[in-house]
Amino acid sequence: MSDIAEKPTNFFSGSPLNRLSWLRTSQVFLNAVAMSPATKWVLLKDGQPLIATLPQADLGTRGQKSLALLSSAEVKPLLGSEPYFSQGQHDGEFSPSDAPTLEAARLRGAPIVFLGLHEPNSDSEGADALPSSDFSAKVDAAAVAEKIKGTPYFTVDVSGVEQKDLDEVLQSAEAGKRGVKVAFADARGAMQTFTYFDAAVTAAARTMVDWNSRNKFCPSCASPLYSVWAGWKLSCSTLLPWADNTGKKPCPTATGLNNFSHPRTDAVVIMAVLNEANDKILLGRNKKWQTSFYSALAGFIEPGESLEDAVKRELWEEAGLKVWGIRYHSTQPWPFPANLMVGFYAIADPSQPTRVDLDNELEDARWFTREEILAVLDHPEGTNINPRPNGAPKASSAAALAGDANVAKETELKVAPAEAPGEPLFRVPPITAIAGVLINDWARGKSTQLKGNL
């Protein structure tokens, strides 16, 4: 049995940041590092991160995209008045120190989330622990700043910021970056040039911004929610010390551990189905995809299911196949908006007919040989899921990358049929998506989970 810690690190995973979750309640720490010259800020607008594109004149990296990281000085005009955390009832006031419902609360201004600290010695024994006891209310900001070794990361949602104010900040940021252009864009369009660092930071930032933006009202009493714990928790506004609750029943979230709404992650199983001879793989094509694209099958976990249960159910519902020999591969955070893709291999009998008429999600499900898959993987366009036939605009590809249209219904993949000379017979996902990793690892014999077991 292999050690789970030795599983491969997929794109969007392997976070390089020490999240310092025990300091999310410390306004002393947060307010000090928010304005540190070392701090980097990730901006998102309507779910799209700010992306930097290198100048065309730079032949070595022409058009390469990366996550744009702004300094505290650059983003300060977008943040509103201080303090940024533990805000009190009135503008410019700190919240009462004895009010646990206001720990690192942000009641006004653009939503902010503290992502963590990138430490220079994070892989060594010399990494600093930064215990919460070092950041008491009696410690001044200068002393706090001296303890920090590394780069703090925050994200800010600028969706509600006036466009003229935002434009001024972006123009100022571009001015000092030697021709680099910054613009908000879909992270999926930059995935092929993102580093693993950029991808992991983007995954945390986008998921947290999306969660905060989607949850505006208390699920128990419908009162407005507000941000606490540096963006990682939401609390009912009836719990504010100055809230007027005359004539209202106490909100059920006021007791026990239910007084906060925690960020959620939705698990999705994604499966590459093999035959017992280990020389064929089953892939499917969703009805919303065009005829040249095939991917692994996938679906959400349902209540009362184990991961293995979900694998069996989804493959029966989508392809009419009974499977066995389920083996775990790896996981991938998928921040569109907040999924965890859990990859598996499973075995089925290719002599049994596939059927796509049960849940009617798939247009086709078919078996491919290893030689067919390798021919696609080795083709220059085999994993290009955004071809531009006849000059057509690039289409979104969230559903296809995740392996199932249910994972990201807000977008549809539009891939051109493989009709032009030199085109691959079909396309599969790139290895920036776990579906592509599952397919590639099997085709090239890299799956240690399968060796000697089929």
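**Group meeting: a walk through the predicted model**

Okay, confidence to begin with: among the elements of the protein chain, helix 8, residues 398-402, has the lowest mean pLDDT, at 54, while strand 1, residues 40-45, has the highest, at 98. And yes, this is a predicted model. Over the protein chain, the mean pLDDT is 85, and 82% of the residues reach 70 or more.

There are two stretches to flag. pLDDT stays under 50 over residues 389-399, where the model has 24 contacts beyond four places in sequence. It also stays under 50 over residues 404-420, and there the model has 59 contacts beyond four places in sequence. Where pLDDT is low, the predicted coordinates shouldn't be read in detail. I'll leave those stretches there.

Let's go to the segment before helix 1, which is where Asn 18 sits. Which residues does Asn 18 touch, if we don't count those up to four places away in sequence? They are Gly 116, Leu 117 and Glu 119. Take Glu 119: in sequence it is 101 residues from Asn 18, but in space the two are 7.3 Å apart, C-alpha to C-alpha. Their side chains are joined by a polar contact of 3.3 Å. The Asn 18 side chain also has a polar atom 3.1 Å from the backbone nitrogen of Leu 20.

Leu 20 deserves a look of its own. This residue is also in the segment before helix 1. Its phi is positive, about 45°, although it is not a glycine. Is Leu 20 buried or exposed? With a relative accessible area of 1%, Leu 20 is buried.

If you like backbone oddities, here's another positive phi outside glycine: Asn 360, near 55°. Asn 360 is in the loop between strand 15 and strand 16, the latter being residues 362-369. Asn 360 counts as partly exposed, at 42% relative accessibility.

While we're on the backbone, cis peptide bonds. One runs from Glu 82 to Pro 83, with omega near 0°, and Pro 83 lies in the loop between helix 2 and strand 5. Another joins Phe 336 and Pro 337, with omega about 5°. Where is Pro 337? In the loop between strand 14 and strand 15.

That takes us to the strands themselves. Strand 14, residues 324-334, and strand 15, residues 339-347, run antiparallel and are joined by eight bridges. The connection is a hairpin of four residues. As one example of the pairing, Pro 333 has Leu 340 as its bridge partner in strand 15.

On to salt bridges. How many are there? The count comes to 15. I'll go through a few.

Arg 108 pairs with Asp 91, with 3.8 Å between the closest N and O atoms. Both residues are in the loop between helix 2 (72-75) and strand 5 (112-118), 17 residues apart. Arg 108 is partly exposed, with a relative accessible area of 26%, whereas Asp 91 counts as exposed at 56% relative accessibility.

Then there's Asp 165 with Lys 164, where the closest N and O atoms are 3.2 Å apart. Asp 165 counts as partly exposed, at 28% relative accessibility, and Lys 164 as exposed, at 55%.

Helix 6 has one too. The side chains of Glu 317 and Arg 313 meet in a salt bridge of 3.1 Å, N to O. Both residues lie in helix 6, residues 307-319, and they are four residues apart, about one turn of the helix. Why does Arg 313 count as buried? Because its relative accessibility is 15%, and the cut-off for buried is under 20%. Glu 317, at 26%, counts as partly exposed. This pair also belongs to a network of salt bridges linking Glu 302, Glu 305, Arg 313, Glu 314 and Glu 317.

Last stop, helix 9, residues 434-443. How many of its residues are buried? It's 10 of 10. Among them are Ile 434, Val 437, Leu 438, Ile 439 and Trp 442, but also Asn 440 and Asp 441. After helix 9 comes Gly 445, with a positive phi near 70°.

That's the tour. Questions welcome.

Note on methods:
Residues are numbered from 1 along each chain as its sequence is written. This is a predicted model: local features need pLDDT of at least 70, side-chain atom pairs count only at pLDDT 80 or more; totals for chains, interfaces and linings use all residues. Side-chain values use heavy atoms; hydrogens and water are left out. Two strands pair if DSSP finds at least two bridges between them. Helices (H or I, at least four residues) and strands (E, at least two) are DSSP runs, numbered from the N terminus. Buried means under 20% relative accessible area, exposed over 50%, partly exposed in between (1.4 Å probe, protein chains only). Contact means heavy atoms within 4.5 Å. A polar contact is a pair of N or O atoms within 3.5 Å; within protein, one must be able to donate a hydrogen and the other to accept it, and residues adjacent in sequence count only if both atoms are side-chain atoms. A salt bridge is a side-chain nitrogen of Lys or Arg within 4 Å of a carboxyl oxygen of Asp or Glu. pLDDT is the predictor's confidence in each residue, from 0 to 100.
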